[in-house]
Amino acid sequence: MTPEAAGPSAPDGPHDDLLTVLPRLTRLSAAFNKGRLTERAAEAAGLTLDRPATGVLVTLRTADRPLRIGEIADRMQVVGPHVTRQVQALEKRGLVRRVADPHDRRASLIEPTEAGLEAANRYVASLLGWFAEALADWPRQDREDLTRLLTRLADDVTARLARFDAEE
């Protein structure tokens, strides 16, 4: 087979090892979206929330304390007004509530109600169940390595993007 028949070759450069990762990230993202993973988890959990509202609820569920709107936005990497709208909708449904900030009487914190916590737990259990099934045949060490490396990747990419935002 000639080199032309094999397809275009990757450019020689310092990041050739990462070039093989790019199509896999694209494939994974497409699979999540095409497979409607978050929507399926919401349906299985009996939630009738859209993706952004579910994101707010899960963010609050995984926090170790009530959060300000800005903290929710930071964790979700969205703008505050977007979160404010979602919180208002979740409040109307009785899934979150505002509580006084003990450190600043002018501010309020958002926390899930009991119903909100139950809804978030059902969603998270559904999502984790799906991933557990997908990784069921993986050795424990591979699952631990995946967790460690994905955490590191997410942290490093998030930090780098935050630096870009700060420079603008």
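The legends below describe close-up views of a predicted model.

**View 1. The nonpolar surface patch built largely around helix 8 and helix 2 residues.**
Eight side chains, Leu18, Val21, Leu25, Leu150, Leu153, Val157, Leu161 and Phe164, make up a nonpolar patch on the surface that covers about 690 Å². Two helices, helix 2 (21-34) and helix 8 (140-167), each supply at least two residues of this patch, and the largest share, five residues, comes from helix 8. Val157 can serve as a point of reference in this view, since Val157 belongs to the patch and lies in helix 8. With a relative accessible area of 41%, Val157 is partly exposed, because that value falls between the 20% limit for buried residues and the 50% limit for exposed ones.

**View 2. The crossing of helix 3 and helix 7.** This view follows helix 3 (residues 37-44) and helix 7 (residues 114-134), whose axes come within 8 Å and cross at roughly 125 degrees. Angles of 65 to 115 degrees count as roughly perpendicular and angles over 145 as roughly antiparallel, and helix 3 and helix 7 are therefore described as oblique to each other. The handedness completes the description, with helix 3 passing helix 7 in a right-handed crossing.

**View 3. The salt bridge between Asp101 and Arg68.**
Side chains of opposite charge can pair when their charged atoms come close. In the salt bridge of Asp101 with Arg68, the closest N and O atoms are 2.8 Å apart. This pair links distant parts of the chain, as Asp101 is in strand 1 (residues 96-101) while Arg68 is in the loop between helix 4 (51-62) and helix 5 (69-76), 33 residues apart. The surroundings of the two partners can be read from their accessibility: Asp101, at 7% relative accessibility, counts as buried, whereas Arg68 is partly exposed, with a relative accessible area of 32%.

**View 4. The network that links Arg68, Asp101, Asp104 and Arg106.**
The pair of the preceding view belongs to a network of salt bridges in which Arg68 and Asp101 are linked with Asp104 and Arg106. Within this network, Asp104 forms a salt bridge with Arg106, and the closest N and O atoms of that pair are 3.0 Å apart. Asp104 is buried, with a relative accessible area of 15%, while Arg106, at 78% relative accessibility, counts as exposed. The count of salt bridges in the model comes to twelve.

**View 5. The salt bridge between Glu91 and Arg98.**
Here the side chains of Glu91 and Arg98 meet in a salt bridge, with a distance of 3.1 Å from N to O. Glu91 is partly exposed, with a relative accessible area of 28%, and Arg98 also counts as partly exposed, at 35% relative accessibility.

**View 6. Helix 5, helix 6 and the loop between them.**
Two packed helices are described by the angle between their axes and the distance between the axes. The axes of helix 5 and helix 6 (residues 80-92) come within 9 Å and cross at roughly 110 degrees. Since angles of 65 to 115 degrees count as roughly perpendicular, helix 5 and helix 6 are therefore roughly perpendicular to each other, and their crossing is right-handed. The loop between helix 5 and helix 6 holds Gln77, a residue with a positive phi of about 60 degrees although it is not a glycine. Gln77 is exposed, with a relative accessible area of 53%.

**View 7. Two C-alpha separations, one involving Ile69 and one involving Gln88.**
Ile69 lies in helix 5 and, at 16% relative accessibility, counts as buried. From Ile69 to Thr84 the C-alpha to C-alpha separation is 6.5 Å, with the two residues 15 residues apart in sequence. Gln88, found in helix 6, counts as partly exposed at 39% relative accessibility. The C-alpha atoms of Gln88 and Ser108 are separated by 13 Å, and these residues are 20 residues apart along the chain.

Definitions and conventions
Residues are numbered from 1 along each chain as its sequence is written. This is a predicted model: local features need pLDDT of at least 70, side-chain atom pairs count only at pLDDT 80 or more; totals for chains, interfaces and linings use all residues. Side-chain values use heavy atoms; hydrogens and water are left out. Patches are made of residues with over 30% relative accessible area and no salt bridge: like charges are joined within 9 Å, nonpolar side chains (Val, Leu, Ile, Met, Phe, Trp, Tyr) within 5 Å. Accessible areas come from the Shrake-Rupley method with a 1.4 Å probe; for residues, only the protein chains shown count as cover. A salt bridge is a side-chain nitrogen of Lys or Arg within 4 Å of a carboxyl oxygen of Asp or Glu. Helices (H or I, at least four residues) and strands (E, at least two) are DSSP runs, numbered from the N terminus. Buried means under 20% relative accessible area, exposed over 50%, partly exposed in between (1.4 Å probe, protein chains only). Axes are lines fitted to C-alpha atoms, for helices over the stretch in contact, and angles run from 0 to 180 degrees between N-to-C directions. Angles under 35 degrees count as roughly parallel, over 145 as roughly antiparallel, 65 to 115 as roughly perpendicular and the rest as oblique. A crossing is left-handed if the near helix is turned anticlockwise from the far one by less than a right angle, and right-handed if clockwise.
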